Structures are given as structure tokens and as C-alpha cells.
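Reader: Hi! I'm new to this one and would love a quick tour. Could you show it to me first?

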Amino acid sequence: MSGMMNVTGSKGKSRYDGPRRRMVETVADNGVKDLRVLHALDTIPRHLLVPEALWDQAYKNTSIPIGENQTISQPEIVAAMSEALELKGDELVLEVGTGSGYQAAVLSRLADRVISIERIPKLAAKARSALDRLGVTNVVVHLGDGSQGRPNDGPFDAIIVTAGGPEIPKPLLEQLAPGGRLVGPFGPREAQSLIRIRRTGDGEFKKEVLGKCRFVDLIGQHGWGG
Ligand code: SAM
């Protein structure tokens, strides 16, 4: 194995292995139980998804600025939302809000294919490079208004929205496959509810409130307006 690149994009052990392990323990202590999700967090070098000046903060259980007034979400919320999607490994997933690419990298380990949409060109380009550096090949990043989804690429087995919108975008509900789950933050700007929608086999939508959260704005036709 000598000389081979590992998933951290570097050779051998990294000084971040310990902090990453402790981050995963914190996430587990705070209630995330899905071992596939915890393992995914344990294999993804979060520091490579944030600006280099902030690498030493990368394994704290906090959100971190990534430029363009946007953030990489808190590891605990990334894990909780991933768990709520109930992925088994064979799904097609849509992510709205690529940001740093971290959530997409986590999903890449949990599902078959991920389509991720980002509205800010610089972030979409940076996320693509970071995902390439991590060797992630089953994530496609598109530039655009994710509140409209990607009707030609669906239906999706799971949809995750990682920016806060006033309400659940209708096009996303329409693009959810029967049996599929949609998870995202919706409600007033200051305090959203983390919502899960299940589309039943007979086309009904069942809603659950999973908790409270606060995300940056979902901006777009079915968000807070562009
Ligand atoms: N999932 C990201 C990660 O792992 O780093 C964090 C997402 S950050 C909290 C929210 C992202 O959603 C921002 O990058 C923002 O530009 C993006 N966004 C907001 N509205 C959007 C829209 N309508 N379509 C696509 N991306 C959007």
C-alpha cells in the first residue's frame, strides 16, 4: 500500500485523525445512531472542505464560514439530516445547496449517486475541485436554482435541502419518488423547523418535525426570492 493515496487525499496518517475521531464521538453522543453515517463522517477529511486558515477548527462541532457569506453546516446537523434520509446505498439523491461539498461527500458514501445544486458559481467550482481531490466520483455538481430541483434527472429517492426556505418547494415534492424522503429546514428566517416528508406509495405526503434549526437562506424561485 505504500505510496497509495488514502481518502484524505494524503499519504498515511494525518494530524487530523484524532480530532476527526473525537468529532464523530461527539456526534454519536448527541444522538446520531446510524453506523453508516458515523463511518462516513469518520472517513471524510472535513478540513479539506474549509479554507486552509480554518483547518484547525474543522473538527469542532460547529458551522464554519466558507466564503461568499455561506457556511459549511455543523457536523451534527449534517449527520442528523443524513440519518433522517434513511439511505441504504442504492439511492439517487438530490442535494440543494452544495456549499463546501461536505454534505455531498457524506452522501456519496451512503447512496449510489448524488446530484447537488449550488447557486453561487465560485462555491460550485470549489466544491467540485474538493470532491475531485477526495476521489468522489458519484457526485455531480450543477450550477443553478435548486429550489426548482432537476426535473429531468428525477424522480429522486431522497432529497436534502441544506438552506432554509419559507416553505417546502413544490417542485421538490413533485420530484420525490414514491417511498422517498425529503429533509430540510423550513419556516421563518430566524428559526426553521427541520422537516421530513415521506411520499407514500399512493402519492400522499406525510410530514414530521424533527427539531429546530437555523440555516442560511434558500434563495430562488421557490425560496426567499432571487
Ligand atoms: N451543504 C453544504 C455543505 O455541506 O457545505 C452547506 C450548505 S450552506 C449552509 C447553504 C448553501 O445553499 C450555500 O452554499 C448557498 O449558496 C446555497 N443555496 C442557497 N439557495 C440555493 C438555491 N436556490 N439553489 C442552490 N443552492 C442554494
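Author: Happy to! Let's start with two helices: the axes of α2 (residues 35-43) and α4 (residues 102-110) come within 9 Å and cross at roughly 125°. Helices (H or I, at least four residues) and strands (E, at least two) are DSSP runs, numbered from the N terminus. Axes are lines fitted to C-alpha atoms, for helices over the stretch in contact, with angles from 0 to 180 degrees between N-to-C directions.

Reader: Is this a predicted model, and what should I know about the numbering?

Author: This is a predicted model, where local features need pLDDT of at least 70, side-chain atom pairs count only at pLDDT 80 or more, and totals for chains, interfaces and linings use all residues. Residues are numbered from 1 along each chain as its sequence is written, and side-chain values use heavy atoms, leaving out hydrogens and water.

Reader: Back to the helices, what do we call the way α2 and α4 sit to each other?

Author: They are oblique to each other. Angles under 35 degrees count as roughly parallel, over 145 as roughly antiparallel, 65 to 115 as roughly perpendicular and the rest as oblique.

Reader: Which residues meet there, in α2 and α4?

Author: From α2, Arg36, Val37, Ala40, Leu41 and Thr43 meet Tyr102, Val106, Arg109 and Leu110 of α4. Contact here means heavy atoms within 4.5 Å.

Reader: New topic! Where is Gln70, and is Gln70 buried or exposed?

Author: Gln70 is in strand β2 (residues 70-72). Its relative accessibility is 19%, so Gln70 counts as buried; buried means under 20% relative accessible area, exposed over 50%, and partly exposed in between (1.4 Å probe, protein chains only).

Reader: And what does Gln70 touch?

Author: Leaving aside neighbours within four places in sequence, Gln70 is in contact with Ile64, Pro65, Ile120, Leu123 and Val216.

Reader: What about Glu68, where is that?

Author: Glu68 lies in the loop between β1 (64-67) and β2, and at 37% relative accessibility Glu68 counts as partly exposed. Its phi is near 60°, a positive value in a residue other than glycine. Most residues other than glycine have a negative phi.

Reader: How about Asn69, buried or exposed?

Author: Asn69 is exposed, with a relative accessible area of 75%. Asn69 is in the loop between β1 and β2, and has a positive phi of about 60° although not a glycine.

Reader: Last one: what kind of peptide bond joins Gly154 and Pro155?

Author: A cis one, with omega about 0°. Pro155 is in the loop between β5 (139-143) and β6 (156-161).
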